[in-house]
Amino acid sequence: FDRVYDLFAFASEKGLTPEIVEPMLSEVYCHPNMVLDSVLKVIGYAPVTAEQLASDIPTLDRKFATICTSRDPQARYHWIMGRLRKRALGNLPLAQLGELVERSISHE
């Protein structure tokens, strides 16, 4: 229990969004004595801003246009979210990322 509490406290102190806790928890479960900063490195966390993520959306959108085979009208949104999710994890709430993606792809 204490280790899980420490995990949530660590994420809060670092200003990380709550979504980062799940992948961190999996790693802490496997390696309960690992330093929490090391857990971030193991799961591939790197700080990134909303602006940096938003700047990647047009490139991803163009890439999707060349590979799209789906008839699902939401396929573009889901594909772009899938590509940005890991980088956004801990940095930006996924709902906010979804809004960025939606605004970017709806302007075309």
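**Exercise 1. Determine what share of the contacts with a separation of 6 or more joins residues 24 or more positions apart.**

Solution. A contact requires heavy atoms within 4.5 Å. Of the contacts in the protein with a separation of 6 or more, 56% are between residues 24 or more positions apart. The model is a predicted one, in which local features need pLDDT of at least 70, side-chain atom pairs count only at pLDDT 80 or more, and totals for chains, interfaces and linings use all residues. Residues are numbered from 1 along each chain as its sequence is written, and side-chain values use heavy atoms, with hydrogens and water left out.

**Exercise 2. State how many helices and strands the protein has.**

Solution. Helices (H or I, at least four residues) and strands (E, at least two) are DSSP runs, numbered from the N terminus. The protein has six helices and zero strands. Along the sequence, the pattern reads α-α-α-α-α-α.

**Exercise 3. Locate Thr17, and decide whether Thr17 is buried or exposed.**

Solution. First, Thr17 is placed in the loop between helix 1 (2-13) and helix 2. Next, the terms are fixed: buried means under 20% relative accessible area, exposed over 50%, and partly exposed in between (1.4 Å probe, protein chains only). Thr17 is buried because its relative accessible area is 9%. Finally, its partners are listed: leaving out residues up to four places away in sequence, Thr17 touches Leu89, Gly90, Asn91, Leu92 and Pro93. The C-alpha atoms of Thr17 and Leu92 are separated by 6.3 Å, although these residues are 75 residues apart along the chain.

**Exercise 4. Compare the expected span of helix 4 with the distance between its end C-alpha atoms.**

Solution. The expected span is 1.5 Å times one less than the number of residues. Helix 4 (residues 50-67) has 18 residues and should therefore span 26 Å; its end C-alpha atoms are 26 Å apart, which agrees. Helix 4 also has a kink of about 25 degrees, centred on Pro58; the bend at a residue is the angle between axes fitted to the seven residues ending there and the seven starting there. Its buried residues include Leu53, Ile57 and Phe64. Among the elements covering the buried residues of helix 4 are helix 5 (75-88) and helix 6 (94-106).

**Exercise 5. Count the disulfides, and classify Cys30 and Cys68 by exposure.**

Solution. A disulfide is counted when two cysteine sulfur atoms are within 2.5 Å. The count by this rule is zero. Cys30 counts as exposed because its relative accessibility is 53%. Cys68, at 35% relative accessibility, therefore counts as partly exposed.
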